[in-house]
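Visitor: I am new to this structure and would like a close look at a single part. Please take one nonpolar patch on the surface, and then set it beside the rest.

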Amino acid sequence: MEETLFTLIPAIIVLPLLGALINTFLIRDGRRAGMVASLACGAAFVVGLAAFALLAGLPHEEQTHIDLTLWQWIDAGPLDVPFGFLFDPLSAVMVLLITGVGSLIHVFSIGYMAHDARPVRYFVYLNLFVAAMLILVLANNYLLLFLGWEGVGLCSYLLIGHSFERKEARYASMKAFVMNRIGDFGLMLALLALFQHFGSLNYGVIFPRAAELAGQQINWVLGPTALASAIAFCMLIGVSGKSAQIPLWTWLPDAMAGPTPASALIHAATMVTSGVYLIVRSHSIFLQTQAISNLTVYVGVATAFVAASIAIGQYDIKRVLAFSTVSQLGFMVAAAGMGAYTAAIFHLLTHGVFKALLFLGAGSVIHGAHDVQDMRRMGGLRSAMPTTFLTYMAGTLALSGIPIWAGFFSKDEIIGSAFHGTRFGTYPVSGTILIITAALTAFYMARQVSLVFLGQQRDTSYHAHESEPIMTIPLWILAVGSTIAGIINFPGLHFLDHFLEPVFEVGHAVQEPLEFNIPLAIITVVLALAAGWVAYQVYGKRQWKKTFRDPLARYLGVFFEGFEQRWYADDVYDTMVVRPFKATASFLSRILDPLGIDGLVNGAAWLVGFGGRGLRRAQTGYVRSYTLVFFLGVIAVLGYFGFATVR
Amino acid sequence: MEFQIPQTDFTTIGPPLVLSVWATALLLIDLFIANKRTTAILALVGLAAGAAVALPFYGQTPRVSFEGMALLDDTAIAIDWILTLVTAITILFAMDYLKRQAIEMGEFYPVLLFTTSAMMMMAHGRNLIVLFISLEWLSIGLYILAGFAYPRIRSQEAAMKYLLYGAFAAGFLIYGTALVYGVTGTVDMATIADQLRANQAMRTSPLLLVGLGLLLIGFGYKISMVPFHMWTPDVYEGSPTPVSAYMSAATKAAGFAALLRVVQIAFPVDVLPTWQIIVAILAALTMVIGNIAAVAQSNIKRMLAYSSIAHAGFILCALVAIGEPGAVQSYLYYILAYALTNLGAFAVVIALEQAGEERFDIADLAGIGWRQPLLGAAMAVFMLSLAGVPPLAGFFAKWLVFQVAYQAGFWWLALIGLLSSVVSAFYYLRIIVNMYMRERSEPVPSFTTAPLLLGVGVAALLVVVQGFLTNPVLTLVGQTVAAGR
């Protein structure tokens, strides 16, 4: 059985890679490329499913030991890094999410990208992304994880800038890349510190000995700190870059400049959740530091609330979803910080499904509405796009946390953990903020549905149509998934809790499955329903003009302006970082470089060129002059040996 | 008087023997073959057979036979396999090229096999005379191959220059052998080392050292070590391009194999460290001059020739440090990486070369990356590997040789190597820039056929794989160390 697993695991990664290679070199037709890419990803899903089944069949304690080293990747003195994979319950569920949702998004893209200028390139990047993401979650050491981490970052950059003719796409891709680099730098520091202490980056070496990190003191910026805190802090920087948390969160909304299905896969369902995955994977380290774990909770809660409030003030259909993603990621990060790891992964999985659905639904709307993204120009699309509307409703109910839909269970588990308490204690204030955020979520989703699908079409200059089956079928599947996904950790059954238990035994982080808190659930649901009803009253009942100002602006005044302007975060960054940076750069490029560096470099280049030209002149083509040089060499060599003997 | 037939173990020269026999047969068979592609495929079959012969002996204890003249150990087998690979890819390159140039003659492939066979003997020889004969033998083959495009005056010039220069250098080699024999009374390399170990006076004998110097010069010419390198650009430029590719990869590998044998077996550093410094100085010169001269070239073939000179310098860094643990692995690793990469890099020139016309200017590459995606991608891989960009083989190769040079105390050599690598990045990246970021109103037509693409693809794939599998490759070539003596 383990042998079979050992052959299946590399295949999961190789398949999408193969798809990328085939599309790069052999396929020139967009639709065919889409078929190949979907097939590759679908095959990876099937293989992943088989591996999952095998793993589930193993005895409990063996489930964390499927550790496969393909070959020694780097072996340089003390640095020894295997190219190896760890297939445990945690990576197994991640693999299923990535390949499963990924396959549906690939299929959807075939229809969505039909009129694109470079569909083949798009599918190559998409497949490459899936492969990199799989490496990230399957790695058995931090360096290989980092390879995947950088790989998904690169693919995200390429996909955001896919339509690079548009200025904002170019700008957004750069912004995403730079912000991610800042985060990556943090993660890199964490890896260096881990290597310095353990002499290894392998999970198998680090996690069992993680307790050592708590006792070790180092001199940190603010005086002596436990090594565990320093490492966890650096990791948190990486998490905030990748998972768009405060302070590195402003790139994600702009990343919506990429093709919508790519946003669904990368900027909603998978890549942005890798930060959460990192914390859960490194739980042994985070458990050693109460301070940084608390900080993680605060970062997550603050992000969740701020982003949800911003989502209320947006008019662009994708931007609302983008801020919603940031907000939901905040929920997950908060849960991971509290030590409620299963809850974080549970929400990660359900969110992956229903947010992918919402993004694809938005994609379908944009596709059917001929690239209109401003919700003020939509309205009444329910009749033109009934399928999209129905499936979108499933996603909306799931995201808003309405019972029986998936989001209700996963979100409730996070809020429940905050009040019920974990090994770090209870977080009543954070929990309250999260409940308010959940209500805001219901509000902005109801607002969006009202503006897009209900009422009458406000801008009648275009004729909306329903999307073709290749796009609606994935929507149906995801809609069913969003409706029933709560079952994977249904209260009382706790499938996911039990399945993930072996992973958390390593760091002694197993928690009793949380009992369902009925009063809490009633409060959140009532608040969510109330918020949704209010939004429907405000936006769904009246007929607006196509350039209306949001009615909330009247009542909330300056607050609403803050929502609209994203709490001015971009302006602050622009003034504080970008502009001084540009000024410095311009100073260096105009004054310092030409005189100093360029002078040096150009001088060196001139010297090399001069030497090269001189040597070229010596190369006359005459054998006799060549022999002359040869002879000079002979004299030198023999002279040396003669000198050596005399001495 | 009773005449005793010495016991000979023919397996010690298995691969070269198979190739020679097969080449002889192929010369005859070829008379009855109309389609020369068949000859090429038969030659490939022979290569495979030759490589397979050595397989059972890989990882076994070294075997010596022919009165100690021939040696079969893992180093020899590794070199045999590298040469097999290079020759096979060369044949793939040559197939359609010869036809397009209207010089498709069946002899090409047997001569190629003979030459490869001779090169293999350089690795199998444990005797200075064997090395000398092998060198002459392979040179004769190369003279023919260099002049194979005889209707072209440039090809004739290349063959002529190569012959004159080769004859000149051979004199040094045989004279050096004679002097070493004069002092030690033997041409058997293992015995030379024993003599030197036993006899203090011999180690400081001027005659012996001069002889060693002459040997270094003779081999230095083959691997185009500065200042014995000047033939290289002219010969590479004029020869038919697959032959240039072959010379840059295979001849170098063979020359380095012989050099390794000489300093490893006959003049080990623990006995005679005198040669280290002069080789280090020449290595530094080779790296610097090769790289700087390459910058000034506008002709791709000449640029690649200088690049091959520069890389000889890098490989020599490992030779200088040959006494260090891991040095032989780095040496062989570099040879493999370099041979595959430089060989592959010539493919793009082959694709550009039209019948009769020569388009070798770097500007002629404009836009080829988009028009020939596979070829362009492979060429980009080769250039990045030559420049030493991780995670390709070229990076690890450079890193390994600099590391051993540093370990051996030649930090200045590693530093010079590092600096000249930086210079080299310029002209390698210039090729990529030309391929992808320049466009011409009238693109130069390029020809790719299935065999060429297959050869390029295999080479590119191996360069990538070698980089990713650095450690397994090192182990593969590394077993030689224990068996080296």
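Guide: A helix here is a DSSP run of H or I with at least four residues, numbered from the N terminus. The model is a predicted one. By that definition, Leu21(A) belongs to helix α1 of chain A, which spans residues 2–25. Is Leu21(A) buried or exposed, or in between? Partly exposed means between the limits of 20% and 50% relative accessible area. Leu21(A) has a relative accessible area of 47%, so Leu21(A) counts as partly exposed.

Leu21(A) is one of the residues of a nonpolar surface patch of about 600 Å². The others are Val14(A), Leu18(A), Ile22(A), Phe25(A), Leu26(A) and Leu374(B). Helix α1 of chain A contributes the most to this patch, with five residues. Leu374(B) brings chain B into the patch.

Chain B has 485 residues, and 65% of them are buried. Its secondary structure consists of 21 helices and two strands. The accessible surface of chain B is about 16,100 Å², with 70% belonging to carbon and sulfur atoms. Among the contacts in chain B with a separation of 6 or more, 81% join residues 24 or more positions apart.

One helix pair in chain B serves as an example. Helix α7 (residues 189–198) packs against helix α11 (residues 241–266) at an angle of about 35°, and their axes are 8 Å apart. From α7(B), Met189(B), Ala190(B), Ile192(B), Ala193(B) and Leu196(B) take part, meeting Arg261(B), Val262(B), Ile265(B) and Ala266(B) of α11(B). By class, this contact has eight nonpolar residues, one charged residue and no polar ones.

Note on methods:
Residues are numbered from 1 along each chain as its sequence is written. Chains are lettered from A and ligands numbered from 1 in the order in which they are written. This is a predicted model: local features need pLDDT of at least 70, side-chain atom pairs count only at pLDDT 80 or more; totals for chains, interfaces and linings use all residues. Side-chain values use heavy atoms; hydrogens and water are left out. Axes are lines fitted to C-alpha atoms, for helices over the stretch in contact, and angles run from 0 to 180 degrees between N-to-C directions. Contact means heavy atoms within 4.5 Å. Ala, Val, Leu, Ile, Met, Phe, Trp, Tyr, Cys and Pro count as nonpolar, Asp, Glu, Lys and Arg as charged, and the others, Gly among them, as polar. Buried means under 20% relative accessible area, exposed over 50%, partly exposed in between (1.4 Å probe, protein chains only). Accessible areas come from the Shrake-Rupley method with a 1.4 Å probe; for residues, only the protein chains shown count as cover. Patches are made of residues with over 30% relative accessible area and no salt bridge: like charges are joined within 9 Å, nonpolar side chains (Val, Leu, Ile, Met, Phe, Trp, Tyr) within 5 Å. A salt bridge is a side-chain nitrogen of Lys or Arg within 4 Å of a carboxyl oxygen of Asp or Glu.
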